[in-house]
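Q: Could you take a close look at one loop residue in this structure, and place that residue within the chain as a whole?

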Amino acid sequence: MKGEDGIITISGTGSISVGKKENEIMRAGGWGHILGDEGSGYHISLKALKR
């Protein structure tokens with residue numbers, strides 16, 4: 001983000017979003033499939049296999 005405000009989201013086998021506004025940094029996710037990573041590739045694949 002090169003020092004600017006914004007949000008970065010990474011979704012692979014897990015998922016995490018990190019946001020920055022002024023000097024505050026916020027985080028959501030990043031706990032892995034055991035603690036609920038519903039937006040992850042792991043979760044999406046598992047759901048597809050169950051169907």
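A: The answer below begins with the residue and then widens to the protein around it.

In this predicted model, the residue to look at is Glu-22, which is found in the loop between strand S2 (15-21) and strand S3 (24-29). Its backbone deserves attention, since phi of Glu-22 is near 55 degrees, a positive value in a residue other than glycine. Is Glu-22 buried or exposed? Glu-22 has a relative accessible area of 57%, and because the cut-off for exposed is over 50%, Glu-22 counts as exposed.

The wider setting can be described in the same careful way. The protein has 1 helix and 3 strands, and from the N terminus on these elements follow the order β-β-β-α. The radius of gyration is 13 Å, well over the 10 Å that the globule rule gives for 51 residues, so the protein is more spread out than a compact globule. Taken along the principal axes, the box filled by the C-alpha atoms is roughly 45 × 20 × 10 Å.

Burial and contacts add to this picture: buried residues make up 8% of the 51 residues, while residues 24 or more positions apart account for 23% of the contacts with a separation of 6 or more. The protein exposes about 4,400 Å², of which carbon and sulfur atoms supply 59%. As for charge, there are 7 positive and 6 negative side chains in the protein, and the centres of the two sets lie 10 Å apart.

Note on methods: Residues are numbered from 1 along each chain as its sequence is written. This is a predicted model: local features need pLDDT of at least 70, side-chain atom pairs count only at pLDDT 80 or more; totals for chains, interfaces and linings use all residues. Side-chain values use heavy atoms; hydrogens and water are left out. Helices (H or I, at least four residues) and strands (E, at least two) are DSSP runs, numbered from the N terminus. The radius of gyration is taken over C-alpha atoms; the globule rule is 2.2 Å times the number of residues to the power 0.38. Buried means under 20% relative accessible area, exposed over 50%, partly exposed in between (1.4 Å probe, protein chains only). Contact means heavy atoms within 4.5 Å. Accessible areas come from the Shrake-Rupley method with a 1.4 Å probe; for residues, only the protein chains shown count as cover. Lys and Arg count as positive and Asp and Glu as negative; His and the chain ends are not counted. The place of a charge is taken as NZ of Lys, CZ of Arg, CG of Asp or CD of Glu.
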